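Dear colleague,

I am passing on the structure we talked about, with the sequence alongside. My notes on it follow below, starting with how far the coordinates can be trusted.

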Amino acid sequence: MKFSTIIASCPRPITRQIHPSFIRYLSSSSSNNSDFSSLGLPEWLLQNLGQAFPHISKPSDAQRSLIPALLEKNGLGNRRDVILKSGTGTGKSFGLVVGLLSRLTPGKESKSSKSKSTSLVIVPHRDLAYQYQHWIHLLYPDDLSISQLCVRGDPLNPIPTHLIGKSLAQVLGKQSRPRILLATPQALVELLEATLSKPLLPRSKPNPSVLPPLPISSLDLRINTIVADEMDELLKLPPKYASPKELKSWERHKPPIIRILDAAYGSADDLKGSTSSQVVGILPRPQLVLTSATLGNQVRRFLFGQTNWMAEDSEDGSKNAVVRLDLSRSQLGNEGDNARSRGHSIDDTVVEHSCVVVRKDGSVRNIDMVEPPVQLPLKTTKGKSKGVKQAQDAETPEKPIAPPTTPSEPLLLSMATAFALDVPSLALLVLPSTYNIRKTVDQLKELGVDARPVDLKDDEKGKADLAGGSRSSFTANFVSQVPAGITSDRDNGPSAEQYEPTLLVSTLATVRGLDFPNLTHVFLLDTSVITNLTAYEHIAGRVGRFGKPGKVVTFVQESKPGAENSQTKPSSNGDDLSRVRDEEQRMRRIFNRLGIAPVDFSAVE
């Protein structure tokens with residue numbers, strides 16, 4: 001069955017009653033006064049948690065539900081599969097680390113013991129893998145080899161080929177079998193493909209229908225749990241209103257996570273022709289844990305309707321083979337706001353959302369949330385009006401224009417000034433994937449901003465960001481270039497010598513899921529990075545984590561008078577954002593769709 005068949009057969013969202021397991025886990029430890037000891041964690045982990053993270057005294061709602069679900073076994077002694085949907089900043093990834101580490105026993109973890117099992121954690125990008133490893137090392141300092149990285153492009157952490165088969169190093173006890181393997185999908189596929197008798201040609205077309213199955217059993221590991229964090233990003237399903245061309249492209253270039261999970265649990269096609277004597281996937285079957293802030297109906301329909309990954313209810317004789325946890329509507333802040341009632345995870349009770357409009361002369365103003373009336377062309381009885389003809393001419397396809405590689409100067413200068421006047425320690429600039437991050441960083445440095453790309457591979461700076469932000473020198477040579485309309489509210493604040501902010505620069509694909517404790521501001525330059533509402537949710541989710549306040553500020557250019565603001569039909573991603581040319585109106589629609597009431601940015605008069 002193809003993905004397009006699932007979409008056609010399920011045109012409307014599936015309405016489900018609350019799963020009984022959700023009620024059980026949430027009600028068993030729903031008190032906000034409960035601490036981590038109420039979740040059944042071992043004493044050594046509670047002590048390490050208090051020492052490494054003294055500011056985290058109580059688990060979040062997501063952690064109070066997730067950790068017991070990870071640990072509890074059914075009547076047959078097997079752990080249930082878990083699907084968790086919870087808003088950004090609610091501690092899903094950290095809860096996964098705590099839950100997986102709670103299965104270990106310090107002092108009894110033998111490096112060469114074959115009886116020890118391994119948890120495979122798959123994340124969309126390597127910086128998120130570095131964050132996982134950072135947390136693991138803090139919570140389990142007795143043995144840093146307890147976790148192993150499997151990522152690409154890191155000379156200090158090459159792809160662990162020693163995990164394939166029984167290498168001499170393993171026989172001699174020089175290489176450990178990790179208890180937690182942290183992998184990105186493509187790196188794991190490369191590791192497994194290295195064992196194929198006939199390696200794929202480098203220039204062969206990546207058609208998954210003809211690719212051989214991945215020999216995941218060749219890993220010299222006893223995998224008992226597979227975790228896929230940010231599952232919707234790993235799957236990258238076609239948009240809701242995808243064109244036939246987009247569906248065909250996705251079918252031909254399926255994400256590597258599909259090959260990995262098909263190898264672990266068997267694909268739907270494998271089961272069609274299999275017999276009881278045939279072995280499909282890993283045995284005994286590993287627990288599967290899927291998490292994300294935006295696990296929508298589209299993803300769930302794909303998981304249960306087109307794959308064999310999820311456990312069947314009949315396996316344990318009950319209706320709770322899969323624990324479904326949906327906490328997207330019961331998290332930090334008010335539970336009844338408009339955004340959360342529509343399934344979105346934006347919480348504007350702790351995060352301030354603003355939009356700064358940059359005029360052609362470089363001056364700035366805050367967004368006007370009142371949309372101007374749309375002027376429709378006049379109709380005439382004698383043929384088509386001039387306005388209609390002009391509108392048709394405007395719809396004539398033009399030659400494609402190469403996307404910009406760096407932000408425009410007015411936007412960059414306005415953002416740099418606002419950064420200098422309002423950021424106390426650490427901020428993040430999220431750019432479209434077409435932008436050159438290095439060039440943008442150089443431009444920011446010329447303006448006196450201490451900017452650098454997000455790179456957690458850097459041992460010193462990366463760990464400083466994860467531990468609470470870095471401290472670096474700051475210069476203010478931009479003051480003479482301050483755009484009209486921007487003022488500082490720091491007249492009575494710290495001096496320039498004490499004020500040392502840092503700006504991290506990244507794209508959405510490489511920053512999703514990351515947690516920077518000292519991050520207070522997220523900046524966006526124009527709306528091209530906001531491809532859909534989900535993208536804005538994940539960008540805004542870098543701040544406001546665990547209820548800490550933060551700001552999300554988008555800088556857009558003022559459109560020309562009479563710019564086309566209307567849209568005639570939905571775009572392929574399921575909304576009309578991509579057809580709105582006026583960036584200010586585009587931000588109005590984003591705010592309205594997410595139920596956000598934007599506030600005036602304090603640095604703008």
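This is a predicted model, and its confidence is uneven along the chain: the mean pLDDT is lowest in helix H2 (residues 20–28), at 38, and highest in strand S2 (residues 118–122), at 97. The chain as a whole averages a pLDDT of 77, with 66% of the residues scoring at least 70. Two stretches deserve care when you read contacts from the model. Over residues 1–31 the pLDDT stays under 50, although the model gives them 60 contacts beyond four places in sequence; residues 469–482 are likewise below 50, and that stretch has 32 contacts beyond near neighbours in sequence.

Next, a helix pair. The axes of helix H4 (residues 61–71) and helix H5 (residues 92–101) come within 9 Å and cross at roughly 35 degrees, and the crossing is right-handed. On the H4 side the contact is made by Ala 62, Gln 63, Leu 66, Ile 67, Leu 70 and Leu 71, which meet Lys 92, Phe 94, Gly 95, Leu 96, Val 98 and Gly 99 of H5. Sorted by class, the residues of this contact are eight nonpolar, three polar and one charged. As background to the spacing of such positions, an α-helix has 3.6 residues a turn, so residues three or four places apart point the same way.

Helix H11 (residues 256–265) is largely enclosed by the rest of the structure, because eight of its ten residues are buried. The buried residues are Ile 257, Ile 258, Arg 259, Ile 260, Leu 261, Ala 263, Ala 264 and Tyr 265, and just after the helix Gly 266 takes a positive phi of about 85 degrees.

Finally, there is an open sheet of seven strands with mixed pairing, in the order S9-S8-S14-S13-S10-S12-S11. Strand S9 (364–366) and strand S11 (451–453) stand at its edges with a single partner strand each, so one side of each has no neighbour in the sheet. Neighbouring strands are turned against each other by 25 degrees on average, direction ignored. At the S9 edge, strand S8 (residues 351–358) pairs with S9 in the antiparallel sense over three bridges, and Val 358 stands opposite Val 364 in S9. Helix H19 (residues 533–540) packs on this sheet, where it touches S8, strand S10 (426–431), strand S13 (519–525) and strand S14 (550–557), and the direction of H19 makes about 130 degrees with that of S14.

With best regards

Conventions: Residues are numbered from 1 along each chain as its sequence is written. This is a predicted model: local features need pLDDT of at least 70, side-chain atom pairs count only at pLDDT 80 or more; totals for chains, interfaces and linings use all residues. Side-chain values use heavy atoms; hydrogens and water are left out. Axes are lines fitted to C-alpha atoms, for helices over the stretch in contact, and angles run from 0 to 180 degrees between N-to-C directions. Helices (H or I, at least four residues) and strands (E, at least two) are DSSP runs, numbered from the N terminus. A crossing is left-handed if the near helix is turned anticlockwise from the far one by less than a right angle, and right-handed if clockwise. Contact means heavy atoms within 4.5 Å. Ala, Val, Leu, Ile, Met, Phe, Trp, Tyr, Cys and Pro count as nonpolar, Asp, Glu, Lys and Arg as charged, and the others, Gly among them, as polar. pLDDT is the predictor's confidence in each residue, from 0 to 100. Buried means under 20% relative accessible area, exposed over 50%, partly exposed in between (1.4 Å probe, protein chains only). Two strands pair if DSSP finds at least two bridges between them.
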